[in-house]
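Let's take a relaxed walk through a protein model together. Have a look at it first, and then we'll get into some questions.

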Amino acid sequence: MTVGALVPIFLIPGASILGVIFALWMWQRVAAISMVGGQSTIKGANGREYLLEEEQRGDEEVVAKAAEIQEAIADGSASFLNTEFKYIGVFMVIMSVAIFSLLSTVVPEEGRTKADETRNGVFSTIAFIIGGITSLVCGYLGMKIATFANARTAVEARKGIAPAFMCAFRAGAVMGFLLSSLGLITLFLTLAIFKQVYGDDWVGLIEAITGYGLGGSSIALFGRVGGGIYTKAADVGADLVGKVEQGIPEDDPRNPAVIADNVGDNVGDIAGMGADLFGSFAEATCAALIVSSVSSMGDNHDFVGMSYPLVLSAAGILVCMGTTLIATDLKPAKVVSEIEHTLKMQLIISTTIMTPVAYMLGACFLPATFTLPISGQTEPKTVEQWHMFVTVCVGLWGGLLIGLQTEYFTSNRYQPVQDVSDACRTGAATNIIFGLALGYKSTIIPTIVIAIAIFVGNTFAGMYGIACAALGMLATLATGLAIDAYGPIADNAGGIAEMAGMGEDVRERTDALDAAGNTTAAIGKGFAIGSAALVSLALFGAYVVRAKIDMMHSSILDPKVFAGLLYGAMLPYWFSAMTMKSVGKAALEMVEEVRRQFNTIPGLMEGTARPDYKRCVEISTQASLTEMIPPGCLVMLSPIAMGALFGTQALAGMLTGALVSGVQLAVSMSNTGGAWDNAKKYIEAGNSPHARELGPKGSDCHKAAVIGDTVGDPLKDTSGPSLNILVKLMAVESLVFAPFFYNINHGQGLVFQFFESK
């Protein structure tokens, strides 16, 4: 092995280990914030426990109360995930059996033996299990750090904006670097171990490793859907009864659903989001490796060139370390007006630094030229080093552009959200109309950016260019995750501040942190959706090659393809209907329970009695676990049914249709929900004459804004974020099972074979 070949062997795991160390250092700094208080319960002079802020006395008592609430949220989050993991464990066993059975029984193609097919079945199954477990671990670790840091952020908010911001962002960085580092090193070690079995069979090796992406995305789907149903059922119930009907503040301790609401932020927005972006990374890397394995780099066993996608992610971790220190140490946000700017600069700085790094990586690791086979062309495509630099940069800067336009449409600092707030003057109906229009309009720029990235990537380097554009968009994954995780932590901190009675000034600071967090969460979803579109197309290209579909038979003029396309375009709407109705059903039960407690527990509104938080947690848990199964089955079974019954061409059409409609729907849903949420917070904050004119809390305008926010909750936190997993998951699942589909009547399926001309 040459000296050059040793560089990626040390760089990839080395960057991953440094990322883990950096994450642990950030964890240690968050842990240094003391949560030791005095009494664990707060009682008035008459011996009764009080929930209302004005009855509480003493700094130690407030900290102790925050610690008690934190423990309840952490216990609820861990309990839900542990139960969810049991369901997921059953799914993984069933799916593992299906992967092994279907791939191992495939009749060998020309040049392959029965032993090759059995080996592919075995190692695809192992890769699936590894990817699934890694996704579970990433989600669980994210939940642990979030529930560890939420109360500490609230406690630090008593000192000012800067300490609270640094605590929340450091905690977010722990998740960002742990997830990106663990995902990278696990994939690298899996490749290294599989290489010992496959030897020089690069194509077989990468085909088996695709199961890693399937495992990651499968878990992400259930994490996003289950967590999303949980959090929004509690959120809708808490808002409709507490804020609209009873007129009490958000996160008021008298609200029975308040603990379930805060638990939901962790299991949905943290654990679900972590698994989602891990799946994007895994699939983007697998897609790039698949295409490069059939290039001249794969033919020549050029390990250094083949490792380029992994090296790109490793370099991204190192770049993000320096960028993170700017926000956590060198220049943190010190006043409210600096919060969004500081977070936005994280994306801009990391993208700027990553640009020359991407050029140097290409020059060091890629051959001067290499060739790629192009479907439908007899001559391979020649790709140069600078071509790859351009494709990566298109994804890198395209992701930033999507993020910035998402901020414009979802931040209450800009006109679109302020217009939505102003629409609340005439009630909830006009608020909803303006919000929907905003969401539809916000799809324009992301669609154009994705289209440009696809055209440039394909022009310069075929499907490999598109896959690397997706990796470019995810190159700063650690920073993106840190920004994304910051939001739910700040949201939880606001809830804890309210429940612990820390005072109006503290709540104003946590609200400001939370408002910025809503925008950053929308930015993170924008990145996830954009990268999902590119990843899905790259996986689609690999599927077309593996399923032996030529250009002529993948045209939409082919009736099988067009029929599949129409069905695929409908799937995101069917899926969204299922998830939104699931949230509605769970929320209905939650609303009835919260109303029951307000009506039957004496002294609850006066703050002299404690609500039954546990019952609301049980409702959300049970509803989310039962309701996540049907949408999950729809996504997992659709490719298998389409491919087996109607053939590979119809499945190709289905994947295309789902991608096209799913991206538009996901963007509009996420941005509409984010805009409604921040329109409500704009009125609540009252930081401008216009906002004060619409407020205060409890006014008719505010109630209309709360209704809009409630409608938007399942859009932005359940259905919308789950759609990008839908398009990725169906693509990678189709790729994994492509040999099985082709094996059925040479890809014609069980149904269409009866309509073939004799």
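What follows is a set of questions and answers about this predicted model.

Q: How many helices does the protein chain have?
A: Let's start with the strands, since there are just two of them. The rest of the count goes to helices, and the chain has 23.

Q: What is the radius of gyration of the protein chain, and why does it count as being as compact as a globular protein of that length?
A: For 758 residues, the globule rule gives 27 Å. The chain's own value is close to that, so it is as compact as a globular protein of that length. Its C-alpha trace spans about 85 × 60 × 45 Å along the principal axes. The radius of gyration itself is 26 Å.

Q: What percentage of the residues in the protein chain are buried?
A: Here a residue is buried if its relative accessible area is under 20%. Going through the 758 residues of the chain with that cut-off, the buried share comes out at 65%.

Q: How far does helix H16 reach from its first C-alpha to its last?
A: H16 covers residues 504–546, which is 43 residues. At 1.5 Å a residue, the expected reach is 63 Å. The model comes close to that, with 61 Å.

Q: Is H16 largely enclosed or not, and how many of its residues are buried?
A: H16 has 43 residues to check. Most of the helix is hidden away, so H16 is largely enclosed by the rest of the structure. The buried count is 38.

Q: Which residue with a positive phi follows H16?
A: Look just past the end of H16. The phi there is positive, near 60°, and the residue is Lys548.

Q: Which helix gives the largest share of the lining of the largest cavity?
A: The search finds 11 cavities of 30 Å³ or more, and the largest has a volume of about 310 Å³. Its lining has 29 residues, with Asp269, Asp491, Asn518, Lys716 and Asp717 nearest the centre. Helices H5, H6, H15, H16, H19 and H21 each give two or more residues to that lining. The largest share, six residues, comes from H16.

Q: How many residues in the lining of the largest cavity are charged?
A: Four of the lining residues are nonpolar and six are polar. The charged ones number 19.

Q: Which helix gives the largest share of the lining of the second largest pocket?
A: This pocket has a volume of about 620 Å³, and 20 residues line it. The elements giving two or more residues are H10, H16 and H19. With seven residues, the largest share comes from H16.

Definitions and conventions: Residues numbered from 1 in each chain as written. Predicted model: local features only at pLDDT ≥ 70, side-chain atom pairs only at ≥ 80, totals over all residues. Heavy atoms only, no water. Helix = DSSP H or I, 4+ residues; strand = E, 2+ residues; numbered from the N terminus. Expected span 1.5 Å × (residues − 1). Buried < 20%, exposed > 50% of the residue type's maximum accessible area, 1.4 Å probe, protein only. 1 Å grid on protein atoms, 1.4 Å probe; cavity = no way out; pocket = protein on both sides within 12 Å on 5 of 7 lines; lining within 4 Å. Points joined across faces, edges and corners; volume = space filled by probe spheres on them. Nonpolar A, V, L, I, M, F, W, Y, C, P; charged D, E, K, R; others polar. Rg over C-alpha atoms; globule rule 2.2 N^0.38 Å.
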